[in-house]
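Dear colleague,

Please find below the structure that I am passing on to you. My notes on what was found in it follow directly after.

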Amino acid sequence: SDITASGLTVSGSFPIIGNKMSAVVSTNVGTLEITGKPDNSTTTVEFGEDNVLLASFTLKAKNEAALLSSMKFKNGGTNVSDIVSNLKLFVDGNEVSTGDYNNGYVNFALNNVKVEKNNSVNVEVRGDIGTTNVNDTVTLYIKDRADIVATGVTYGFDLQLDTASFKKLDTVDKGMTVTLSASDFTIDADKAATPAKDVKAGDNDVVLATLSFRSNGENATLEDITGNGNFKIMGTGLEDEEIENVRMIDLSTGAAYDLDATFDTDHYDLTLSDEINLTKGVAKKFAIKVDLNDETNDGTAGGEGIDANDTMKVYLSKAGMNVTGDVSNSSITDITPSSIDGAIMTVKEASLAWNVTNMTDKTVVTGAPDVEVYAAKLKAGAADGVKLNSLKLTTMAADAAPFFADNNITKMDLYLNGVLLKSVSNNIVEPTTSTKGTITFNSLA
């Protein structure tokens with residue numbers, strides 16, 4: 001009786017009832033909360049000091065689990081581009097992201113790091129201190145509530161810090177203050193310029209480390225650097241003649257300094273014999289480059305290729321450095337830090353990192369198109385590129401009455417970086433009471 005038609009016959013099943021909708025009560029929607037008091041201590045560190053704690057606070061997911069997708073921190077201290085590098089974000093002691101410093105902000109992208117409902121996690125920011133000026137400072141705080149981006153798992157809404165707890169870390173005076181100091185001479189290994197990575201046998205011009213030298217009190221001359229364990233390439237699995245043509249490249253002029261490399265048991269001792277002139281207050285950077293032997297094992301002694309899973313890093317101790325002040329003509333021994341390490345390089349064959357993205361629960365209606373059911377981030381190892389030839393996905397559990405079936409899913413599309421790779425229809429292997437269901441995408445390359 002509620003439908004009126006002119007010249008037509010109305011038929012069908014009445015009454016017509018739509019899907020039941022449930023309102024989400026605002027008090028049930030999740031929020032993020034900074035619990036307790038964030039660390040607002042003051043510390044003094046030397047130029048070149050690594051893994052320095054820059055921020056620490058406790059974050060809680062209230063009412064529903066949260067998926068963290070990004071964090072941003074304002075530096076209320078000295079805003080110069082090289083004041084800090086090799087930035088890392090830790091959640092409950094686990095490294096979850098590497099960040100960058102840009103226009104006074106520290107930025108981290110997260111792969112939906114999950115915080116369970118009403119659970120708290122400890123968040124830490126750490127970084128390597130650069131070589132800038134004495135009394136420069138780093139002080140990180142959260143300038144805007146939206147600088148921590150998260151999604152609620154249950155309802156799928158964006159989550160923000162609640163207003164009250166946001167005020168615990170919303171101004172520069174509430175964050176940690178790290179103040180830079182300097183000795184007479186500073187050394188540093190720039191892990192942002194040369195981060196840990198995978199390499200392969202046969203690679204030439206491999207940069208193992210970027211080293212920085214700075215004389216803070218006067219012009220100086222680096223007379224030489226001796227080995228004997230003070231300047232070396234160390235690691236695991238290293239053998240004689242696996243590493244060749246070791247040299248130190250001045251990154252400002254391109255000048256190359258040959259380094260004598262002598263194998264000793266499990267490492268290569270390095271010796272620099274050339275003098276290097278340093279201007280007061282100016283950091284001079286050098287790249288340590290090597291070639292990696294790829295000769296096959298022919299049964300003869302020596303000259304063999306470097307092995308997969310061998311590791312390498314450059315180590316330098318101030319004990320091996322002979323530095324003289326040009327004005328005082330005296331030996332400079334006040335060198336900090338006492339030693340530095342480059343990042344670890346690992347010899348690998350081709351590899352692929354596959355990190356599954358956490359997703360929110362969702363309810364869909366019949367006929368809904370383009371429903372995302374799985375996502376992951378893929379990254380080829382640094383050793384070589386890879387080709388994805390096929391992909392097989394499996395359901396989480398067996399199912400006696402499966403929804404994962406061709407009758408319910410008309411087709412499944414596989415995308416890579418937004419580009420459609422493959423569409424599959426009527427090819428689902430349905431789960432049973434004892435087996436999991438699968439879908440396979442073939443011939444991708």
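In these notes, helices (H or I, at least four residues) and strands (E, at least two) are DSSP runs, numbered from the N terminus. Counted in this way, the protein has one helix and 35 strands. Please bear in mind throughout that this is a predicted model.

Overall form

The protein has 445 residues and a radius of gyration of 29 Å, whereas a compact globule of that length would have one near 22 Å. Along the principal axes, the C-alpha atoms fill a box of roughly 110 × 65 × 40 Å. Of the 445 residues, 40% are buried. Among contacts with a separation of 6 or more, 78% are between residues 24 or more positions apart.

One of the sheets

I would draw your attention to an open sheet of six strands with mixed pairing, in the order β20-β19-β24-β16-β14-β27. Its edge strands, each pairing on one side only, are β20 (256–258) and β27 (335–336). Within this sheet, β16 (residues 206–215) and β24 (residues 284–292) run antiparallel and are joined by seven bridges. As one example of the bridge partners, Phe213 is matched with Lys284 in β24.

Pockets and cavity

The largest pocket holds about 1,900 Å³ of space. Its lining is made up of 46 residues, and those nearest the centre are Val371, Glu372, Val373, Tyr374 and Met412. Two or more lining residues come from each of β30 (352–356), β31 (376–380), β32 (391–394), β33 (412–416) and β35 (438–441). Strand β33 contributes the most to this lining, with five residues. By character, the lining of the largest pocket comprises 29 nonpolar, 10 polar and seven charged residues.

The second largest pocket holds about 580 Å³. It is lined by 16 residues, with Val96, Ser97, Thr98, Asn355 and Lys379 nearest its centre. The elements that supply two or more residues here are β6 (94–102), β7 (105–115), β30 and β31. Strand β6 gives the most, with six residues. This lining divides into six nonpolar, six polar and four charged residues.

There is also one cavity of 30 Å³ or more, and the volume of this largest cavity is about 30 Å³. The residues that line it are Pro38, Asp39, Leu54, Ala55, Ser56, Phe57, Leu140, Leu169, Gly175 and Met176. Strand β3 (residues 52–62) provides the largest share of the lining, four residues. Seven of the lining residues of the largest cavity are nonpolar, two are polar and one is charged.

Individual residues

Some backbone details deserve a separate mention. Most residues other than glycine have a negative phi, and most peptide bonds are trans. Against that background, the peptide bond from Thr336 to Pro337 is cis, with omega near -15 degrees. Pro337 sits in the loop between β27 and β28 (339–341).

Two residues other than glycine have been noted for a positive phi. Asn112 has a phi near 50 degrees and belongs to strand β7. Asp205 has a phi near 55 degrees and is placed in the loop between β15 (197–199) and β16. Is each of these residues buried or exposed, or does it fall in between? Asn112 counts as buried because its relative accessibility of 17% is under the 20% limit. Asp205 counts as partly exposed because its 44% lies between that limit and the 50% above which a residue is exposed.

Finally, Val327 lies in the loop between β26 (321–325) and β27. With a relative accessible area of 70%, Val327 is exposed, because the threshold for that class is over 50%. Leaving aside its neighbours within four places in sequence, Val327 is in contact with Glu218 and Asn219. Val327 and Asp158 are 169 residues apart in sequence, and their C-alpha atoms are 61 Å apart in space.

With kind regards

Notes
Residues numbered from 1 in each chain as written. Predicted model: local features only at pLDDT ≥ 70, side-chain atom pairs only at ≥ 80, totals over all residues. Heavy atoms only, no water. Pairing = 2+ DSSP bridges. 1 Å grid on protein atoms, 1.4 Å probe; cavity = no way out; pocket = protein on both sides within 12 Å on 5 of 7 lines; lining within 4 Å. Points joined across faces, edges and corners; volume = space filled by probe spheres on them. Nonpolar A, V, L, I, M, F, W, Y, C, P; charged D, E, K, R; others polar. Rg over C-alpha atoms; globule rule 2.2 N^0.38 Å. Buried < 20%, exposed > 50% of the residue type's maximum accessible area, 1.4 Å probe, protein only. Contact = heavy atoms within 4.5 Å.
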